[in-house]
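Visitor: I'd like a close look at the salt bridges, please. Take me through some of the pairs and their surroundings.

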Amino acid sequence: MMAVFAVLMLLMLSGSVLSSDESIAVACSINDIDCLSKSTEKFLEKTHKGIPAWNIVALDPLVIPSFDIVFDNEGLIYKHQNLTVTGLRNQKISDFKMDTKTKSVVLTTKADLDIATDIDVLFSKLSKTLSGHYKSHASVLGTATYNYELKTDEKGVTHFHVGPETITCKVVDAPSVELTPEFQQTLSNDADAKAFSQEKKNELREKAFCKITEKAYSYVVHNIREAAKAVPSTAFFTNIE
């Protein structure tokens, strides 16, 4: 979901946001992965801190005030606070498909992400909460799928209008997790926490990491959507009708 973020916003920066000598605008063919990759890298380098004038949010680091993950089968709720995700600026295109007939996009990028967060682990059936802080790292493949329309404004300029997205995640390698000593001791001393097998713990770690990744990618699609409102469609691709 990340490269199109770059692709859909590259030329944005050649106008009101960046001066001409700073321009990183690159209009690419939808089939030219090398061009899209280079444009993405340049764009993320320039914009990962956010561009308020365009309603572009900061992506690296990305700070999410709170985020809950519910595991119904296990009777658990992970309540994250002060969740920080880093690494989005270095993502790379893994796959990109744009169908101009159905006006649909499927974008997959690979990213090495680091997560740091406070957490309350709620055992919903037991009315018990274990609290602490942890860090986690993993390589992920994130995929964003969405439709778009081309609309012409009152000035005769055509823009992309990005529809609702579906985001999925796949963990490439098992997430590594680092608990604070206090949180580690809390979990080690709790009978219900210890009752989970290592296999189940690994499964929960992977699911949690992917849910956080999907949440992070939603901010990227937000940026795509906001950029597409401001820039002509021809700024993004050389072969769009």
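Guide: Let's start with Lys97, which has a relative accessibility of 49% and so counts as partly exposed, because the label "exposed" is kept for values over 50%. Please keep in mind that this is a predicted model. The partner of Lys97 is Asp95: their side chains form a salt bridge, with 2.4 Å from N to O. Asp95 is partly exposed as well, at 30% relative accessible area.

That pair is one part of a wider picture, as a search of the whole structure turns up nine salt bridges. Another of them brings together the side chains of Asp68 and Lys79, 2.8 Å from N to O. Here Asp68 belongs to strand 1 (residues 62–71) and Lys79 to strand 2, so this salt bridge ties together parts that lie eleven residues apart in sequence. Asp68 is partly exposed, with 38% relative accessible area, and Lys79 counts as partly exposed at 27%.

Now move along to helix 5, where Lys207 and Glu203 meet through their side chains at 2.9 Å, N to O. Both residues sit in helix 5, four residues apart, which is about one turn of the helix. Lys207 is partly exposed at 40% relative accessibility, and Glu203 is partly exposed at 29%. This pair does not stand alone: salt bridges with shared partners join Glu74, Lys200, Glu203 and Lys207 into one network.

Helix 5 is worth a moment longer. A disulfide joins Cys169 to Cys210, with 2.2 Å from S to S. Cys210 lies in helix 5 (residues 198–230) and Cys169 in strand 6 (residues 158–171), so the link spans distant parts of the chain, 41 residues apart. In contrast to the partly exposed Lys207, both of these cysteines are buried. The angle about their S-S bond is -75°, making the link left-handed.

Helix 5 also has a place at the largest pocket, which holds about 540 Å³ of space. Of the 23 residues that line this pocket, Tyr78, Leu179, Leu187, Lys201 and Arg205 are the closest to its centre. Helix 5 gives the most to the lining, with six residues. Strand 2, home of Lys79, is also among the elements that each supply at least two lining residues. By type, the lining divides into 16 nonpolar, four polar and three charged residues.

Notes. Residues are numbered from 1 along each chain as its sequence is written. This is a predicted model: local features need pLDDT of at least 70, side-chain atom pairs count only at pLDDT 80 or more; totals for chains, interfaces and linings use all residues. Side-chain values use heavy atoms; hydrogens and water are left out. A disulfide is a pair of cysteine sulfur atoms within 2.5 Å. Buried means under 20% relative accessible area, exposed over 50%, partly exposed in between (1.4 Å probe, protein chains only). On a 1 Å grid over the protein atoms alone, a cavity is a set of points where a 1.4 Å probe fits but cannot get out, and a pocket is an open set with protein on both sides within 12 Å along at least five of seven lines; lining residues have an atom within 4 Å of a point. Grid points are joined across faces, edges and corners, and a volume is the space filled by probe spheres set on the points. Ala, Val, Leu, Ile, Met, Phe, Trp, Tyr, Cys and Pro count as nonpolar, Asp, Glu, Lys and Arg as charged, and the others, Gly among them, as polar. A salt bridge is a side-chain nitrogen of Lys or Arg within 4 Å of a carboxyl oxygen of Asp or Glu.
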